[in-house]
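Hi everyone, thanks for coming. I'd like to walk you through a model, so please have a look at the screen while I bring it up.

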Amino acid sequence: MEKQKNAVGRRKNAVARVYLSKGTGNITVNDKEYKAYFPIMYLQNQVELPLKTLSAVGTYDIVVNVQGGGPKGQAEAIKMAIARALCEVNAEFRPALKKEGLMTRDSRMVERKKFGKAKARRSFQFSKR
């Protein structure tokens, strides 16, 4: 693999830019170690999932810039970006990642609030009298 590969992943309002290069398995998110950035185990597993699927943990160094959204959206954006970058490295990885559902953009977003309503669909309390 010559130099580094990069890819973008999105989920909700989070956008993750991933730079993948051969290395020892260091994952850095916004200049922090990913376990410090995502203290919750579930989110750490989401970030590792593409590497675990290909049993490539400890093969690549990953540098991530992520912004927008909350922790869960960011972790899932990173997951997708890593999967896309791995496909750039080797096209044979694609079927395994696709089977795991890592190549599909999850397009669900928060529904906007409507006027005359308390939230997107919730109405104000109705009073008969």
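Let me start with a question: is A56 buried or exposed? Before I answer, please keep in mind that this is a predicted model. A56 sits in the loop between α2, residues 41-53, and β5, residues 60-67. Even so, A56 is buried, and its relative accessible area is 8%. The cut-off for buried is under 20% relative accessible area, so A56 qualifies. While we are on A56, look across to G116, which is 60 residues away along the chain. The C-alpha atoms of A56 and G116 are separated by 52 Å.

Now, on to the strands. β1 covers residues 5-11, and β2 covers residues 14-22. The two run antiparallel, with seven bridges joining them. If you want a register mark, V8 stands opposite R17 in β2. V8 is on the uncovered face of β1, along with N6 and R10. On the covered face you'll find K5, A7, G9 and R11. The hairpin of β1 and β2 has two residues between the strands, and K12 takes a positive phi there, near 55 degrees.

Last stop, the aromatics. How many aromatic pairs does the structure hold? Just one. The partners are Y37 and F38, and their geometry is edge-to-face, with 5.0 Å centre to centre and 85 degrees between the planes. As for their surroundings, F38 is buried, at a relative accessible area of 1%, whereas Y37 is partly exposed, at 23%.

That's my tour, and I'm happy to go back to any of these spots with you.

Notes: Residues numbered from 1 in each chain as written. Predicted model: local features only at pLDDT ≥ 70, side-chain atom pairs only at ≥ 80, totals over all residues. Heavy atoms only, no water. Phe/Tyr/Trp six-rings, centres within 6.5 Å; stacked < 30°, edge-to-face > 60°. Buried < 20%, exposed > 50% of the residue type's maximum accessible area, 1.4 Å probe, protein only. Helix = DSSP H or I, 4+ residues; strand = E, 2+ residues; numbered from the N terminus. Pairing = 2+ DSSP bridges.
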